[in-house]
Structures are given as structure tokens and as C-alpha cells.
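Load the model and set the display to cartoon. The stops below go from one sheet outward to the whole complex.

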Protein chains: 2
Amino acid sequence: MTDRRLNALFDPRNVAIIGASRDGEKIGHAVMRNFVENRFFGQIYPVNPNADTIMGYESYGSVLDIEDDVDLAVVSVPPAVANDVIRECVEKDVNAVIVITSGYQEIGGDGVERSDELDAILADGDTRLLGPNCLGVWDAYSGVDTLFLPSYKLKRPPQGQIAIITQSGAFGSTVMDMLAEMGVGVSRFISYGNQADITDIELLEWLRDDEETDAVAVYMEGVSDGEQFIENAKRITEEMPVIMLKAGKHDAGKQAISSHTGSLAGSYQVYQGVFRQTGVMEAAHMEALFDYARALAYNPPLDGKRIAVVTNGGGFGVLTADALENQGLQLAEFSDETKDALADVVPSYGTVGNPLDLIGDADADRYERALEALKDDDGIDGIIVIPLLQPLPLDSEVVDTLVNFQEEYGKPVVTCMTGSQFTTLHMNNLEKNGVAAYSSPARAASAMHALYRYGQWVHRDD
Amino acid sequence: MTDRRLNALFDPRNVAIIGASRDGEKIGHAVMRNFVENRFFGQIYPVNPNADTIMGYESYGSVLDIEDDVDLAVVSVPPAVANDVIRECVEKDVNAVIVITSGYQEIGGDGVERSDELDAILADGDTRLLGPNCLGVWDAYSGVDTLFLPSYKLKRPPQGQIAIITQSGAFGSTVMDMLAEMGVGVSRFISYGNQADITDIELLEWLRDDEETDAVAVYMEGVSDGEQFIENAKRITEEMPVIMLKAGKHDAGKQAISSHTGSLAGSYQVYQGVFRQTGVMEAAHMEALFDYARALAYNPPLDGKRIAVVTNGGGFGVLTADALENQGLQLAEFSDETKDALADVVPSYGTVGNPLDLIGDADADRYERALEALKDDDGIDGIIVIPLLQPLPLDSEVVDTLVNFQEEYGKPVVTCMTGSQFTTLHMNNLEKNGVAAYSSPARAASAMHALYRYGQWVHRDD
């Protein structure tokens, strides 16, 4: 069971912004503005002893001066005073505190003392703390947004089904910006920094029980508690796919970590063992993290290896066949019934086969008829569709065709498209409708393989 | 020596467009319009017996009716009459003919007969033929453009240093569109189809001698003549990097090919041997093809394994360290002099190390001073710079910093940036100025490794 106080991170009744500021350069200003300008419906309490009002809100000298109970506090004050204001939050019995302030164990020296002091403060109460040294939380549904970067620099993604947990703030903010551009929907984003209190595994447990989240992408440098992780992760991955990018795999990366978040990276071999035992799916690199997360959030697991490939670009069919074989997947053998049905769809100058080349003059209607012909073939476990938009006859309608087909089909469908803004616009629309769109055959095939691996995990005998 | 008649493909004195049409749906219309609207300075002769004028140009009944010698002819007529018009081109002694028309050996049956007839026609003269069943040529400098797709569907890239040779038209047009969006400059694009006459290796030889081309990206399903390829490719790769995506590696892909371009895919093991012998660099997938080509076109080879990593995002430094180790490259050990110089650049709350974390508050000036400090360190063979634009202090100026630094440095520099349109705009500017910009640490590291492999090839002892 997750601590109900964690709910305050995502959907708080009210928020105290400690370090709120009228100075546009200050982090506390950006955080305050996020809450004021977003669709956040709770009460907002700026806390700053040097101001009477901030953005029209009455400012408090201390969180202790707020009459109401406080659900969430966000702390962005200088390191020298951070522990003092956190102590007041504990005294006030605030449910959860997000500490953006850095200067704790990650800097060594003074920072280690400051971390020890923080531990003692937290031990005196029930307040839960995210951070320090983090970006905090962005919640697509409640409007909580402690990302202190302006939206022209860091776009926010649309509401969606993927949660992100990251130990690196820079990684997290950068990928949020990237996902926004791709139209990939995110449910919750959590940058957890030093894990002085709330841990990676607690956040995963919370997300497992979150109705808005269907898959979690994790960037991790070092796990908080290996035994606790192993014990709990398996119960999480059985209900929700967890994909992890482990940073600091090798000696070079490990050394880089110690001066970054102060984590112990641990042996990569040990991590690989943990991944195998717990069903956490490892992503070898950043692209794979979100390639897998998208496929897994939008699709059921892949129950077999037999894939159909449908395209209007012959070369892309060939590359996809290669990529599937690289992934240990197979081209499905179509049934006679399917072949007969396809013979009416493919023009006389084409060939019925898998990859199914619908020829460069295919329009959305030919795609629709081809997919219809494949729909009930039991010999097909999933479909990769590659609708290239460069040829003239294929227009925007193909997006509707694919969205509708995926809803009906009940088995995995992923798509691949490559091109300029005209193409990325359509990929964006697919993503917004929960159809994964990849920019290359290799990425589409590896996403299909992630669906296969997850299927093997949830259906394993043990 | 390459046949000088091949020059007519790229920079013809004049062009006959056989099948030019007033009908906007026809390929011959699109090709005609490309030449009319582009910066093509030669004479344009539409050939269409059913029209007096096309787009204001006098139309000819046959290429034989043109009084002037004809340098280039483009053929887009129905298959049934294609050989007849090609025969007239041979009779006219046209230097080169691009045959877009399909319906030759790739369709089997009739098509095979048509191919045999075409061979006989070509044997009767000196005319050289590209295709059939191809998209033809796009030349960034002369304005030759036979890509019959409108620019809202298929953007054309800016002028640049990378040539593209492709056996698949769909692959070629799709990646042109993608490269245009990325701002990646292309010199010449050649879709060569069935290779009835002009072969892959002849095109490579022509490009080796082309002053505008610094690297060639090749999509190949099957080589025209293995022995000839092996004999000649080595002499090409010593002067110019050739990167190849071999399609139809496995059984699945090979079967897909036979119905696509009618090529024999051959054994992938044999191809791998050819790559090793000839210095042609294999790209495992589509992204790698252009990731390598960009690094190789813009940079000298990498002469050692010792890489410096400079970033304002700690997590990206860690991921890059991991990615370099995956590629068999190393993090450089900075000299004492370099460390002293960097101590003045990195803020007191940071650490001098490699990866060099310039901290989230780094601006372009801090980047400039850091790169200056690294410039003369003999222990560094190349630099990966990761300027994340999400943090507020880093602005557009960093593009100038990087472009200027690469010009001065004389060793390889590649960059990595991730984000939304604000970021991709800056990546675009880097590319347009010949600085390779990758969207992830793994891709930047693999590009650096391509530079290392090419260095090993050109400096080998044998």
C-alpha cells in the first residue's frame, strides 16, 4: 500500500509555494506563475516574508502562518535556509513537500551535513518529502507544475497515459520537451533527485494504482534500496509495464554519476539480474525508453511472433522484414482466406505477400481494405503499418483509418513514418490518438519486440 | 575513369522531357514543372506529340525533331511505348537518359522481355541510361529535379555535402523529405532503379570525383556486379567515405526484395566480407546511414579513441559516457594544464571532470571558454558537445560558438541536443553550418565511432 500522503504530490487540495517571488529570475517566481496560470483549482499560498502580495495572492511569512491545513508545499529557497522551512512544514504536518533546492549530499562537504540534518527533521513527523535537488512534479490532470522553465524553452506534453520518473532533472525536462513536440501524452512527471525520503519504488507503486497511467518510463542512476526494489518491482510490472534506462552502466558513466546526483551506480551486471527477476524492461538508450513506453502504453502485449507488415513503400517493407528478423520476430504467413481477400485489394501490377506492398499509388481506402482483410487472420499476432505520405495518393485520411483500426483490432498495431513536417504532423495526430508512430523500421520493430517481451513476462509460468 | 556522358545526369546543357504533359496528374507534368520552376539554366524541350506548347514551351513530337544536340532526356511514358522513345534517344545520340517508367524486369513476365529489348537498344549506341523504374536525379546545384512529387509532400533539402544513391525510390524520397526537415545539406540524389545500364559503382566513381560531395549514403538491395564492385570500391573509399544500408539482409527481407526491384539480394555474409575488404561502412539501420554520413561529411576522421564530453545537463553526460564505452571509445583524461584552465570556467559548485558538466546555469560564453580550454589538449581526439537549450541561461548564441569552434579546432566535433521545435531549429542551424547534431547521446557516440572506423580504414597498413 502506498502512503496516501503521496497523493498530495499530484492532486493537492492546496499548495504553499515557499520562496515564491515577484522577481522573474527566481525559481519561486516561475513555480508560482505555473500554479496561477495553469488549471490548478486548489488554493495557492505564496510564502515569502519579504512581500505582502505576490501575483495578487496574500503572501505569508511562514508556512506556519497559514490557517488552513497545507496539503503540498514546494520549497525553492537558498540551501542555507532550506532545512529551516522544511522543519516548519513538518511542524505544520504538511502532507508532502517538494524540495527543489540543491546543495545536499550531491555536493559533498557541507551538503552531507545538510542531508543528515534533513533526515533528522523528517524523522520528527509524518511529512513526506520529494527531493531535494529535483525538478519536482508535473501533473497533466491537476495542473501541479513545479518545472521552473518557461514553456518556450520547455514545452509541456499533452495529457496521456505514460508516466515519467527521472533521477536527472536535465534528462527529464529535455525529454518532456521532446515528447511535447511528438504529441506523446504524459500522465505524471516526477523528478525525484536525491531520494532523501520518497523513493523510486514508492513512486512506482503509486503509479501502478494510478488510473491515468498505463506505462512508466524511468531514468535511473542508482536504486534507493536494492532489496526493497526487487521485492516490490515484480508486483508492479505484473500490472503495469515499467521501462528503465539505467545510466552509469560502465566505469566511465559511473564516475560521471558520483558528481551528478551523488548516487552509487552499482554493478551493471547486478542491475541486469534485477531486470530479469522483476520484469522491469531495460531500454538500452534514450530512444528505446520512449519507443517501448509508447508501444506498451497503447497496446496489449504481443502474444506471438508473427507480424504482418503493410506499406506503400517497397523499400520500407524490406527494411522492416530485416528489422523484425533482427529482433527475433517473424513475418506472418497469411491464410488462404486472407490471401484471397487481399487479391481484391492489391492492384494487378502488385503482389500479395508479407511485407504487403500496397504500391506507391495506394490511398487511405486501399489501406483500410487491406487491414480489414488481415483483421481476422489468426496467424497474425500484430501489425506494423508504414503509410508513407510522400506519394500523392495517400492523404491525411489514413490517420483516421489507423486510429479506427487499432480500436477494433484488439492486437498490437504500431506504425512507421518518415519525412518532414507534413509527416510529423500526422505522426503527432496518431500519437495523440494512442497509435505509436516511429520514424524508422528498426524502431517500429524494436517496439513490437518490447510488446513481445512484456507478453512473455506477464504470461510466464513460475 | 567515369564516362563523361554521366555528367549529363547532373549538369546538362539542356533537357528533353519525354512525356511532358499539361495534365497535372501526370508524372511528366511534375517533372516539366520542376525544371521550369527551378533554377535550371539550360534549354528545356518538352516532347509530346499531342501538344503544341507545354507551360509556354514549344512541344516536339519526338526527340528526333529537336534540332540541337540533346544532353539529357527524361522518359516518363507508359511502359508500352517506353522502349520506342528510348530507341529514338539512342538514335539521336543523347548523352544520358533517365527512365522513370516502370514495368521492366521487376514485374516479371512481359517486363523481362521489355528489359531484354532495352538491353539490345542500348547496345546500338553510346547513350547512357539511368533506371528504368527509378525516381531519377535531384541535383542541388544545377536544378535538375526529376522527383515527381510536389514539395508539400516531399521537401527538398538545402545544398550540401552529402550525396545519396538509392535503389528504392520510396526510401530515397522519404529520406530526402526527412533530411530537408533536419536542415541536412545534400549535393546529389540518385535513385537508380533496375540498373539496366548505369550501375551503383559507376555512380560512386562519379561522386568520388565530384567536388561538391564529401560523403555518400547508399541504400542497396543487390549489387550490380560483385567483382567489379570489390575491384573499384576500395579506391573510392580511400578518397571519400561511403556508408551503406544493405536491405534484404535476412531471408525475410530477401524474399521481400524479389518482388520489389527484382534484385538478387545475395548472402549477407558475403556482403559483410565485401564491406570489410572495401572500406564501405555498413550502417545497421536507416538512422545510422545518415548519422554516419553527416559526421563523415563534416569532419576529418577521428585519429584516436579519447573523447571529451561537454554539457550543461549532468544526466546527458552520464548517458554519453555509457554510450562511448558501448562503442569502444574512451573518455579523455585532461592534462593538468587543461584542468587548470577549466577550473576558471566551471563554477565553484561544480567539478572539473570528463564528462565536463558546465552546470544548468551555463551560458554560451561558458561553453566558449570551456571549449577554448580543451582546444590544445593533445590527449583529446574529438569532442561531443551537448548544449541543452531547456535551461534559461543558454541561448541561441551557442550555435555560433559551436560553428566557430569546429572551424578552428581541426579535429572531430559532434553535438547532441534533444527537445521541441525551439531545439530542432537550433539543430537545423548547426547542420546548415556543417556541424552534426544528434538527438541522443547514443547516436552522437555512434557517429563518433564512425569517424574512428573511417580513420582506421584510411590509415591502415596493407
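**Stop 1: a sheet in chain A**

Select β2, β1, β5, β6 and β7 of chain A: in that order these 5 strands make an open sheet with parallel pairing. Strands are DSSP E runs of at least two residues and helices are H or I runs of at least four, numbered from the N terminus; a pair needs at least two DSSP bridges. The edges are β2 (43–47) and β7 (128–130) of chain A, each paired on one side only. Neighbouring strands turn by 20° on average, direction ignored.

This is a predicted model, where local features need pLDDT of at least 70, side-chain atom pairs need 80 or more, and totals for chains, interfaces and linings use all residues. Residues count from 1 along each chain as its sequence is written, with chains lettered from A and ligands numbered from 1 in the order written.

**Stop 2: β1 and its cover**

Zoom to β1 (14–18) and β5 (72–75) of chain A, parallel and joined by 4 bridges. A16(A) sits opposite A73(A) in β5(A). Now add α2 (27–37) of chain A, which lies across β1, β2 and β5 of chain A at about 160° to β1(A). Angles run from 0 to 180 degrees between N-to-C directions, with axes fitted to C-alpha atoms, for helices over the stretch in contact.

**Stop 3: the contact between chains**

Show both chains: 64 residues from chain A meet 64 residues from chain B. Contact means C-beta atoms, placed from the backbone, within 7 Å. On the side of chain A that touches chain B, α11(A) gives the most, 11 residues. The predictor gives the complex an ipTM of 0.93 and a pTM of 0.94.

How values were computed:
Two residues are in contact if their C-beta atoms, placed from the backbone, lie within 7 Å.
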